[in-house]
Amino acid sequence: MKKIVVFLLIAHFGTMCAQHVRHVETINDNWNFYKGSIENPISKKRSVKWEKVTLPHSWNTQDILDDEDGYYRGDGWYQKTMVFPKIYENQQIFLLFEAANQVTTLYVNGKEIDEAHIGGYTSFTRDITSAVKEGNNTIMIKVNNAHNDEIVPQAADFSFYGGIYRDLQLIITKPVHFEVANLGANAIFIKTPKVSESLAEVSIQAKLKRPLKGRFYVQHTLLDAKRSSVKTIKTKTTFKEDVFSKFQIKSPNLWSPENPYLYTLVSEVVDKNGLVLDRVENPVGFRWFHFDAKKGFSINGKQTKLIGTNRHQDFYGKANAVSDEIHRNDMKLLKEMGINFLRIAHYPQDPAILEMCNKYGFVATLEIPFVDKAAANEKGKQNTVTMLKEAIRFHYNNPAIVAWNLGNETTMKAPDKLGEKYTKHFVETHKILSETIKKEDATRYSYTVFFREPAYQDKLGIRFTDIVGYNKYYGWYVQELGDIDKNLRSLVERSLALDSDKPFILSEYGGGADPRIRSYNPTRFDFSVEYQFLLHKTYLKTILDMPQIVGANVWNFADFQVEHRKDAVPHINSKGLVSSTRKKKDAYYLYQAILNKTPFITIPSKAWEKRAGVADEINGKVATQPITLVGNTKDVEFIINGVSLGKKDFDFATAVYNVPFKNGINLIEILSTQEGKILKDFATIDFTLQPKNLKSKTNPFNEIAINVGSTCYFIEEHNVSYLWMPDQEYKKGSFGYVGGELLRHPSKRRNTIGTDVSVKGTENDPIYQTQRVGIKQYKFDVSKGTYELTLLLAELKTRDSNYMNITVNEKRVWSNINLKKEYGADRAVTKRFLISVDDENGITIDFEVLEGSTRLSGVKLRKVY
Ligand code: GCB
Ligand code: CA
């Protein structure tokens, strides 16, 4: 009987809410879009060629990826006719933009609503009540993503995609309602000034719009995770003032990374008869936390090492117009990887991200896009402050957030080189932003992320915030793997020497990996998946060992698109642990093994399905190559093609086996037993065994492709995983180069293999980016027959003029080649020749220099007859 009564009460509560609370719906569909300027948005005479689009939408999905420099940065117009649903008498109508990049002007029936909104990453609302009429209404929205001296970011390593790239919502309320169209688009501010295991205090500020007449109350109900009411408090409202309420609860369930327990605060406006007029919900998490420069971070009294990643809102081919499903899937992948810390970089992100931080227990920092450089003028400063306020107010109630970050690498454009006026403004901006954080939210830490020497920031006087973060790319942009530990230790020491009480976060570290590039001799900046794996392993060891690194964020969770980048995959920053379409790279699994406590083993390189290698011996039947396993169990057993290679203990979650691959399909099975449970993983590898002696009778030569000038394998993504092997020096009986040297990155600091050019006319940039310069010969000791020989050439970033002749077996096949003159600079050139070998001397390709130097990027040889 009792149960039924409760049920009826709930049912009644539910219908009351449905009838009387605010109406919210997305209005993403069926927009007309025009990329370009429209002179007079009100004019009826306009003949605009509209295109139909659905939000989230960006107009830069394609032009950031093509071979042409630059992308469209200007006006884009959205237009739609709307009949607003009639829901209440005297209804108030609002549009909530979760974000549009970066200046947004809204017109309703030709009337401009408020001022344009400035900033591409914060949410905002507009009250359109007075502009709306019965029947059809024309909504026009102008969005502009052109560079603007008054708006940050001024520069950054990401693309400034234009468009309404998040959800657009229609909100309808009654005349009495919680504020909607205020700065930050939020009316409820929940604080938990005291939290312990036995008690939690809640204090709430509610912002209300109410008519002059009538008596109204704000009623807050705290629901536990099962939606049972824990506490209700009702406070009478007054005119013009915010409504403050306070209550306590006993024995709160605490929120933590291990147990992200969430309550819900239901806030309602009720009239004197108890009728609910408006209602909003917010998450509540009870936790107390503390950053200590020496001991690290603690939450609810428990010392907790914060480890996770950074994240951009970006997906291949979609620009930043990313669905909530993609956002949530990213967060799920991060949860499975085992993180407890997320740096939401470099700007506020979709509400879906914050929702999942709260639910998954990710301790989070959130920042504004003050990146690289200040908007160095009064307007620019004000805009930056407003942006910060909007961000803090909108995201205020997310228990996951522990710190607000005012900027990233703001000294990228060195202030001391931009003049005194700039520097003054720049320092002031830092100061006012850190003050704003404290004014807006005293319950959280203030935070700034730097990249230069601590002393540099100190000298400028911008180490204002409670916490400092450093982005450091030791082992990538500078220095070698072996120096990472030493470098990190001394960096932390230098930061703490300046301010011994400022906690240090390693806010970025990482290295690029193109999933198409693999290597058994990984080196810095080769973009191999293997180098990235080693780099992260090296960092993790030090990070876990140093309590003074209170938190660390990998740069980045996923590869993201940067229009101007010219790495192995042009336009992509490939430092992700997953690709730009979310395929896991090997390093992802290393984190999973170390961070996620669920027993786990895997073959991280199992996605590399097509492999090749030269047989160990003449007429040999196998080629031995290493495979790294990861896992968090004690040990693992490796079986290939039914034969066990024995057990090995995991050392720092990794175990390496030397694996004999036979020609054709190889089956790999690994197993481990943990607490009586058997864990397994499998891989199927299609292996091409190249003969050690190209004239082998038992394993006749068929075809080989060599990535000349590289120590890496390369797998063509859009060409049936066609595999290129690393280059080798010529050995009698085999193949290889004679003479020349590796093309190296022209910058002395890097001196890495290959060069950073977006090569025109190919998707396989890494083959062309790596070359042998000054090469004399390339040789294949093959037997008699007819062969198809393919040469891959490109002239990249060269200043001098280069002429060469190419001769095959003493027959000139290509004369007086000047690639730049004939094909243009930075262009891929591929030529195929048919060669008959009529004696036992195989194939010798001679490169004869006429002027400058010779060069070769790749070579392919295939036996036809
Ligand atoms: C950084 C920046 C980030 C870049 C990254 C990189 O320090 O904060 O925006 O993308 O380096 O990959 O170079
Ligand atoms: Ca090459």
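**Exercise 1.** Is T770 buried or exposed?

*Solution.* The model is predicted, with pLDDT of at least 70 needed for local features and 80 or more for side-chain atom pairs, while totals for chains, interfaces and linings use all residues. Residues are numbered from 1 along each chain as its sequence is written, ligands are numbered from 1 in the order in which they are written, and side-chain values use heavy atoms, without hydrogens and water.
Buried means under 20% relative accessible area, exposed over 50% and partly exposed in between (1.4 Å probe, protein chains only). T770 has a relative accessible area of 9% and is therefore buried.

**Exercise 2.** Identify the protein donors of the calcium ion (ligand 2) and explain why their arrangement is irregular.

*Solution.*
1. Donors are N, O and S atoms within 2.8 Å of the metal (3.2 Å for Na, K and Ca); water is not among the atoms, so sites may look incomplete.
2. At 2.2 to 2.5 Å from the ion lie N707 (OD1), V708 (O), I767 (O), T770 (O), T770 (OG1) and S857 (O).
3. Six donors count as octahedral if opposite donors are over 155 degrees apart and all others between 65 and 115; the arrangement here is irregular because the angles run from 74 to 172°.

**Exercise 3.** Determine which side chains make polar contacts with ligand 1, and how far the protein covers this ligand.

*Solution.*
1. A polar contact is a pair of N or O atoms within 3.5 Å.
2. Oxygen atoms of ligand 1 lie 2.4 Å from a polar side-chain atom of Y477, 2.8 Å from one of N573 and 3.4 Å from one of N471.
3. Of the 320 Å² of accessible area (Shrake-Rupley method, 1.4 Å probe) that ligand 1 has on its own, the protein covers 92%.

Note on methods
Four donors count as tetrahedral if all angles lie between 85 and 135 degrees; four count as square planar and six as octahedral if opposite donors are over 155 degrees apart and all others between 65 and 115; anything else is irregular. A polar contact is a pair of N or O atoms within 3.5 Å; within protein, one must be able to donate a hydrogen and the other to accept it, and residues adjacent in sequence count only if both atoms are side-chain atoms.
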